[in-house]
Amino acid sequence: MPSILALDQGTTSSRAVLIHEDGTVLGQVQYEFAQHFPSPGHVEHDPRDLYHTTIEAARELLAKTGEKPAAIGITNQRETTVVWDRRSLEPIGPAIVWQDRRTTERCAALKAAGVEPLVRSRTGLVLDPYFSATKLEWMLRDPAIRRRAEAGELAFGTVDSWLVARLTGGRLHVTDPTNASRTMLYSLGRSWDAELLQLFGIPAAVLPEIRPSSGVVGETEPGLFGRPIPIGGIAGDQQAALVGQGCVRPGMAKNTYGTGAFLLLYAGAEPPAPPPGLLATAAVDATGGTGFALEGSVFIAGAVMQWLRDGLGLLATAAESEALARSVPDNAGVYFVPAFVGLGSPHWEPDARGTLTGLTRGTTRAHLARAGLESMAFSSRELIASMVAGTPLSLPVLRVDGGATANDWLMQFQADVLGVPVERPEYVETTVLGAAALAGLAVGVWSSIDEFVGTRRYRRFTPQAGADQRAKWVRGWDRAVGAALHWARGSTG
Ligand code: ADP
């Protein structure tokens with residue numbers, strides 16, 4: 001019975017996970033690697049660390065399990081930028097990590113020059129240092145390096161390209177649409193964009209070939225794992241999670257509840273026009289081909305619980321919030337807008353700050369904990385509403401993952417507020433599952449994403465609240481957000 005080896009190269013660690021044809025997880029090995037912060041705002045990885053930790057994890061896992069996987073699927077931290085010498089496969093310097101802000105001024109200058117509308121219409125992104133283009137431009141700032149790039153001696157890639165180059169002994173220089181769509185050099189759904197390449201001064205000679213997310217691109221060097229293994233899947237981590245959650249039909253979405261919340265909604269076969277504050281990005285359709293998603297984040301989600309715990313000392317643990325929320329019949333009119341760092345989509349008010357409304361002498365820490373949990377559900381609902389507004393899309397189900405989904409009360413409340421079922425997978429490493437699904441599909445282990453998703457088990461939270469109750473909650477939340485906005489605008493005006 002075949003298995004698939006998923007390689008998950010993340011921001012703080014690299015993992016290898018074996019997924020059996022029947023969907024069971026046969027084993028996992030994980031290695032952390034060093035983070036480098038050479039100066040304020042600079043975040044770097046050693047590309048060799050990314051490769052070595054991934055390979056070591058894979059080798060150890062294969063040795064331990066004795067498995068001979070049918071294919072490898074790769075998923076990776078997105079946007080992080082690597083440049084290497086094509087012949088020696090040695091990086092020319094550190095990888096610039098997605099979190100790195102060194103190109104902030106460059107992005108501000110480009111915005112001032114009025115190029116953001118072009119960038120947004122072509123790529124679905126916003127002009128921000130987060131994406132690869134200005135990182136790569138920075139790496140090529142030395143004229144000698146630029147000459148080597150123009151002469152075709154150097155290769156650029158996101159981490160997927162770098163891993164595939166090393167896994168294939170330099171035979172392949174490829175990426176997939178989901179990773180390409182985070183570079184700010186890719187015209188959504190089409191190809192590298194000549195005008196954007198010119199804008200950022202990127203020679204076409206450094207670019208990888210764009211191949212489908214699911215499909216065999218080549219085989220690993222025979223010496224690496226004792227025999228060649230086909231590389232069958234490539235996707236950036238968030239899009240891999242979307243596939244791993246089976247969200248491959250228009251309107252299906254996944255939400256990750258961590259420190260912040262990270263939401264992707266599969267939109268269809270054509271690139272959607274993203275509402276303000278949201279991104280459009282390449283994703284994967286039900287056949288493993290290219291589709292498109294809307295992407296957005298809630299800045300503060302689980303972080304509310306950290307603040308109640310560490311800032312106020314109201315909770316001993318984040319998990320205690322569940323019992324507290326259950327201990328009161330309702331929020332007693334208390335709403336908590338955790339705009340600690342401003343309000344994101346759909347409001348975009350950077351000057352907004354956290355706001356508590358509806359406090360009375362009767363307000364207890366249980367109400368505050370409950371209002372904190374409710375804020376995660378309300379802001380996620382608001383983000384989804386802004387994604388589907390003005391489109392024919394509607395959400396059939398919300399699939400969830402991330403640390404705060406351990407809270408059953410929160411999951412039920414999210415379903416109640418949305419009026420849509422919430423499904424939490426038993427195995428929560430959805431990024432790994434997506435990489436496995438794409439590779440397994442490529443070599444025939446599964447015949448469709450649906451068949452793969454059939455191997456997954458979910459706990460379903462079904463909405464219990466009626467439409468009147470939902471409307472009342474949303475009104476309360478909207479008023480509280482209105483108060484936060486009013487405060488922010490008063491402070492600047
Ligand atoms: P990240 O990947 O961003 O570090 P995780 O997915 O590990 O985040 O989730 C951790 C977050 O989830 C923390 O902000 C924590 O406060 C929150 N959290 C963890 N358990 C619970 C819980 N039972 N109820 C509510 N929030 C929780």
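The turns below go through a sheet, its helices and a ligand site in a predicted model.

Visitor: In what order do the strands of the open sheet lie?

Guide: The sheet has 6 strands, and their pairing is mixed. Its edge strands, β3 (25-32) and β11 (214-219), each pair on one side only. From one strand to the next the twist averages 25°. The order is β3-β2-β1-β5-β12-β11.

Visitor: Which residue in β12 is the bridge partner of Gly 218?

Guide: Strand β11 is joined to β12 (residues 230-236) by 3 bridges, and the two run antiparallel. In general, strands of a sheet pair through backbone hydrogen bonds, either parallel or antiparallel. For Gly 218, the bridge partner in β12 is Ile 231.

Visitor: What angle does the direction of helix α1 make with that of β3?

Guide: Helix α1 covers residues 47-65 and packs on the sheet. The strands that α1 touches are β1 (3-9), β2 (13-20) and β3. With the direction of β3, that of α1 makes an angle of about 150°.

Visitor: At what angle to β5 does helix α6 run?

Guide: Helix α6 is formed by residues 159-167. It lies across β1, β5 (71-76), β11 and β12. Relative to β5, α6 runs at about 145°.

Visitor: Which residue caps the N-terminal end of helix α5?

Guide: Helix α5 spans residues 143-150, and Gly 152, with a positive phi near 85°, follows it. At the N-terminal end, a side-chain oxygen of the capping residue lies 2.8 Å from the backbone nitrogen of Ala 144. That residue is Asp 142.

Visitor: Which helix gives the largest share of the shell around the ligand?

Guide: The ligand is surrounded by 14 residues, and the closest are Thr 259, Gly 302, Gln 306, Gly 403 and Asn 407. By class, the shell has 6 nonpolar, 8 polar and no charged residues. The largest share is 3 residues, and these come from helix α11 (residues 303-311).

Visitor: How far is a polar backbone atom of Gly 403 from an oxygen atom of the ligand?

Guide: Backbone atoms of several residues make polar contacts here, and the cut-off for such a pair is 3.5 Å. For Gly 302, a backbone N or O atom lies 2.9 Å from a ligand oxygen. For Ala 404, the distance from a polar backbone atom to a ligand oxygen is 3.5 Å. For Gly 403, it is 2.8 Å.

Visitor: What percentage of the ligand's accessible area does the protein cover?

Guide: On its own, the ligand has 580 Å² of accessible area. Of that area, the protein covers 67%.

Conventions. Residues are numbered from 1 along each chain as its sequence is written. This is a predicted model: local features need pLDDT of at least 70, side-chain atom pairs count only at pLDDT 80 or more; totals for chains, interfaces and linings use all residues. Side-chain values use heavy atoms; hydrogens and water are left out. Two strands pair if DSSP finds at least two bridges between them. Helices (H or I, at least four residues) and strands (E, at least two) are DSSP runs, numbered from the N terminus. Axes are lines fitted to C-alpha atoms, for helices over the stretch in contact, and angles run from 0 to 180 degrees between N-to-C directions. Contact means heavy atoms within 4.5 Å. A polar contact is a pair of N or O atoms within 3.5 Å; within protein, one must be able to donate a hydrogen and the other to accept it, and residues adjacent in sequence count only if both atoms are side-chain atoms. A residue is near a molecule or strand if one of its heavy atoms lies within 4 Å of it. Accessible areas come from the Shrake-Rupley method with a 1.4 Å probe; for residues, only the protein chains shown count as cover. Ala, Val, Leu, Ile, Met, Phe, Trp, Tyr, Cys and Pro count as nonpolar, Asp, Glu, Lys and Arg as charged, and the others, Gly among them, as polar.
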